[in-house]
Amino acid sequence: MNAVKQFVVPAVVLTVICLVVSAALAGTYQVTEPVIEAAKRAEADASRVVVLPGGKDFKEVTVSGVDNIVEAYEAGNGAGYVITGKSKGYGGDLQVMAGIDKDGKIAGVKLMDNNETQGIGSKTGEDSYTSQYKGKDSTLDGVTAISGATVSSKAFEAAVGNIFQAYGALAGVEVAGPEMTPPETIIFPDVTDFTEVALDGAKKAIKAGDAGYVIVMEGQGYSHAAGPMEIYVGVGMDGKIAGVAAGTNSETAGIGSQALEPEYLKAYTGKTSPDGIDNISGATETSVGVKKLVRAAMELAPALIGDTTPKVDLTVAEDGSASAVIAGLRVEIDAAGKVTAVAPADGTTDLSSVAPEAVKEAMDNALAAYTASKGA
């Protein structure tokens, strides 16, 4: 009996206490659960109202057939939808929440989860950038990137584009994507007459009015990319690169795609080859791929514009030295094949009005002609 009192009774009492407490907790949870859930919904709705003022009673909906959508909600009062989409930014996935009103216009946007560089890509979360989206339709006409944060800006814009596709699927309407400027127009913005012409070795070639030609090349960029990349190379009638623009490609956004951005490609303008253009750190394979395609395009260019190599009037002395006149400049070369002097061909010595690039080009062409005269 003493053993029962000592061991069994306390255990029974403890069990009863646990059951009572558990029942009390369960009852409390049943009472408070709706309150907690209501508070969570109110908090979530409050964040959605930021991008869709006037919206309320949001209900989560499922989007089918559209990639890169995180979540979507429909306002119960018919105000529109709040959708969160994502795209690849400089630091990884970048998420954007946008409110699309009943007229298919952006009521507001907000930068959500992201790993963009503070003070650079993170500027896409500032009102100075996001405010330009308000009132835009799916074409996003007039939205401009942040200088120095192009990758993040384009990722933000792409996420909004994904959101509009989701909106179209939910609302049962067709949405137009942003109007893309054709690469040939980017290269020759003042030309309106573009005509496709034949060119062996190129994917495509386009005559750009009287300004020149655009040669489209296709080849390998990043070795693990899903497909090849297109590069549009504009060649002026002077034989120089008028511009380079990217076409379709599968390069990694924020990494390899850096070598396809206008900020990098503008380095080719005015040159006759990719020589001297640096690769982008972290996008070496894509950079090299672009260079190969530009070089290949420039090798095909003479078939369209003819030989644009400047005429060199070369005089070689008995001692092996030479004097070359080219494009209004006189280049002196010693017997060892070294340039010793460059001056205007009219006998003056002032080169201040001659661009350094023109001087270098004259030297290169003079040396090429000198080397050829030696049979090397």
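**Exercise 1. Describe the sheet that contains strand S13, and the helix that packs on it.**

Step 1. Four antiparallel strands make up an open sheet, in the order S11-S12-S13-S14. Here helices (H or I, at least four residues) and strands (E, at least two) are DSSP runs, numbered from the N terminus. Two strands pair if DSSP finds at least two bridges between them.

Step 2. Strand S11 (313-316) and strand S14 (339-344) are the edge strands, since each pairs on one side only. On average, neighbouring strands of this sheet are turned by 15° against each other, direction ignored. Axes are lines fitted to C-alpha atoms, for helices over the stretch in contact, and angles run from 0 to 180 degrees between N-to-C directions.

Step 3. Helix H8 (residues 356-373) packs on the sheet and touches S11, S12, S13 and S14; contact means heavy atoms within 4.5 Å. The direction of helix H8 makes about 50° with that of S13.

The model is predicted: local features need pLDDT of at least 70, side-chain atom pairs count only at pLDDT 80 or more, and totals for chains, interfaces and linings use all residues. Residues are numbered from 1 along each chain as its sequence is written, and side-chain values use heavy atoms, with hydrogens and water left out.

**Exercise 2. Examine the pairing of S12 with S13, then the loop between them.**

Step 1. Five bridges join strand S12 (residues 322-326) and strand S13 (residues 329-333) in the antiparallel sense. Across this pair, isoleucine 326 stands opposite leucine 329.

Step 2. Alanine 327 is found in the loop between S12 and S13. Its phi is positive, about 50°, although alanine 327 is not a glycine.

Step 3. With a relative accessible area of 71%, alanine 327 is exposed. The classes are buried (under 20% relative accessible area), exposed (over 50%) and partly exposed (in between), with a 1.4 Å probe and protein chains only.

Step 4. Aspartate 57 is another residue to examine: it is not a glycine, and its phi is positive, near 55°. Aspartate 57 belongs to the loop between helix H1 (2-51) and strand S1 (58-60), and its relative accessibility of 54% counts as exposed.

**Exercise 3. Determine how strand S9 is covered and paired.**

Step 1. Eight of the eight residues of strand S9 (residues 229-236) are buried, so the strand is largely enclosed by the rest of the structure.

Step 2. Both faces must be checked. On one side Met229, Ile231, Val233 and Val235 are buried, and on the other Glu230, Tyr232, Gly234 and Gly236 are buried too.

Step 3. S8 and S9 run antiparallel and are joined by eight bridges; here isoleucine 215 stands opposite valine 233 in S9.

Step 4. S9 also runs antiparallel to strand S10 (residues 241-246), with five bridges between them. The bridge partner of glycine 234 in S10 is glycine 243. The hairpin of S9 and S10 has four residues between the strands, and in this hairpin glycine 239 takes a positive phi near 85°.

**Exercise 4. Which salt bridge involves glutamate 218, and which residues form a network of salt bridges?**

Step 1. Side chains of opposite charge can pair when their charged atoms come close. A salt bridge is a side-chain nitrogen of Lys or Arg within 4 Å of a carboxyl oxygen of Asp or Glu. The structure holds 10 salt bridges.

Step 2. Glutamate 218 forms its salt bridge with lysine 203, with the closest N and O atoms 2.9 Å apart. Glutamate 218 lies in strand S8 (residues 212-219), and lysine 203 in the loop between strand S6 (194-197) and strand S7 (204-208), so the pair ties together parts that are 15 residues apart in sequence. Glutamate 218 is partly exposed at 41% relative accessibility, and lysine 203 is partly exposed at 46%.

Step 3. Lys86, Lys88 and Asp93 are linked in a network of salt bridges. In the bridge between lysine 88 and aspartate 93, the N to O distance is 3.5 Å. Lysine 88 counts as partly exposed at 48% relative accessibility, as does aspartate 93 at 33%.

Step 4. Lysine 207 and aspartate 210 also form a salt bridge, their closest N and O atoms being 3.9 Å apart. Lysine 207 is partly exposed at 29%, whereas aspartate 210 is exposed at 74%.
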